[in-house]
Amino acid sequence: MWSWVSHDTVAASDKAEWFNDMISRTVAPHRMALLDPATFHARTGVLELGRVSVAYHEFGAQESWRTPQHIRRSDPGHYFLGLVTGGGMRVQQGRNHAGLGPGDGVLFDTSHPYSAGTTSPEGSRVLLLSIPRTAVSLPAGRLDALLAGGFPARDGIGAILGNFLGSLRHHAAECSPGELEALERSAVVLASALLAQQLDIGDALPVETKEEVALRQILAFIENHLDDPELTPQTVAARHHMSLSGLYGLFRTQEEGVAARIRRRRLERCRAELVSARGPRPIHAIAARWGFTSNTAFSRTFKAAYGMSPRAYRQQARQTAAPHGGQPGSGATCPYGQGLREIPPDTPH
């Protein structure tokens, strides 16, 4: 699960030593200087996914260096793929130098000296994925040429990876050990695909990686079009220029098929709105909002999934929340699991 640390309990005089120690433990040993120790702030969260880890770093203005002496003392042999979500920073490694802003990505590693620092007064916010060099199935020489090169990661695979890593901040605690293991594989696959794209060597990726990337792109497409009543396996296949059998083949390792995925995610969106504190939106409007063209079919499908009608579910959620004065919950589960009871495959949407 996520482990969080913050500067809140650290005296101003100790902030530099504290932050240096924290980065040395979560990334690799460094030498660091805070540009304004009196106002410096930092918060870090780390999620361990087997050999891979995901970290969220939010910090004030600073400069850091990893020297040959640091490398000789300790080298975990990891790549770090950073996605900047706020502020600005720079990274220099080898002959490359990158200035980064929100939506940019950068690759660096622990086996070569580098320097990094913030470029905006407020500091920077970064999602950082740590992967052993041996886990990336791309030519090491080509990857070394990419170190500190910087690249846009605002759309396509970069956006999918960013959304994937960002969602772990909110949902990893809901996932089982088996689901976390699957997330580790997905993180490596998406990172490898993004790096291969930057190097224009997509053909070098294993078939399994290509299929996983295609699956993630399709899942993102489904998520962004749940409100379209015309969203069906046929339209998904057509929009991705593949046959229906090819689409079904991508889902062969999933616990649910394409139609079941669409139905489940629509129901989960409806369930969240049913208990939302933003206002009593009519149930039929919620169903239509998320692609259900028949209110009767929606009620039947919802009851098959949750054991009660949408109206009864809303009433129960409000009654449960009322004594505590809070907002009703939606019973969130890991978004990578099922979260619903089995629905008959022929249930209309």
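**From a loop residue to an enclosed cavity**

His241 sits in the loop that links helix H7 (233-239) to helix H8 (244-250). The model is predicted. Look at the backbone here. His241 is not a glycine, yet its phi is positive, near 55 degrees. Is His241 buried or exposed? Its relative accessible area is 77%. Exposed means over 50%, so His241 counts as exposed.

Now go back along the chain to another loop. Asp200 lies between helix H5 (177-199) and helix H6 (207-224). Its phi is also positive, at about 55 degrees, although Asp200 is not a glycine. The relative accessibility of Asp200 is 70%, so this residue is exposed too.

Next, turn to the strands. Five of them form an open sheet. Read across it, the order is S2-S5-S10-S7-S8. The pairing is antiparallel. Which strands stand at the edges? They are strand S2 (31-34) and strand S8 (96-100). Each has a single partner strand, so one of its sides has no neighbour in the sheet. Neighbouring strands of this sheet are turned against each other by 10 degrees on average, with direction ignored.

Pick out one pair inside that order. S7 and S10 run antiparallel to each other and are joined over five bridges. One place to find this pair is Gln93, which stands opposite Tyr114 in S10. Then find the helix. H1 lies across S2 and S5. Its direction makes an angle of about 140 degrees with S2.

Last, look for empty space. Rolling a probe the size of a water molecule over the atoms shows where such space is left. How many cavities of 30 Å³ or more does the structure hold? There are three. The largest cavity has a volume of about 250 Å³. It is lined by 19 residues. Closest to its centre are Phe59, Met89, Phe108, Ala116 and Leu128.

Where does the lining come from? Helix H1 (15-26) supplies at least two of its residues. So does each of several strands: S4 (52-59), S5 (62-66), S6 (78-87), S7 (89-93), S9 (104-109), S10 (114-118) and S11 (124-132). Some of these names are familiar. S5, S7 and S10 belong to the open sheet, and H1 is the helix that lies across S2 and S5.

What classes of residue make up this lining? The lining has 14 nonpolar and five polar residues. Charged residues are absent from it.

Note on methods. Residues numbered from 1 in each chain as written. Predicted model: local features only at pLDDT ≥ 70, side-chain atom pairs only at ≥ 80, totals over all residues. Heavy atoms only, no water. 1 Å grid on protein atoms, 1.4 Å probe; cavity = no way out; pocket = protein on both sides within 12 Å on 5 of 7 lines; lining within 4 Å. Points joined across faces, edges and corners; volume = space filled by probe spheres on them. Helix = DSSP H or I, 4+ residues; strand = E, 2+ residues; numbered from the N terminus. Nonpolar A, V, L, I, M, F, W, Y, C, P; charged D, E, K, R; others polar. Pairing = 2+ DSSP bridges. Axes fitted to C-alpha atoms, helices over the stretch in contact; angles between N-to-C directions. Contact = heavy atoms within 4.5 Å. Buried < 20%, exposed > 50% of the residue type's maximum accessible area, 1.4 Å probe, protein only.
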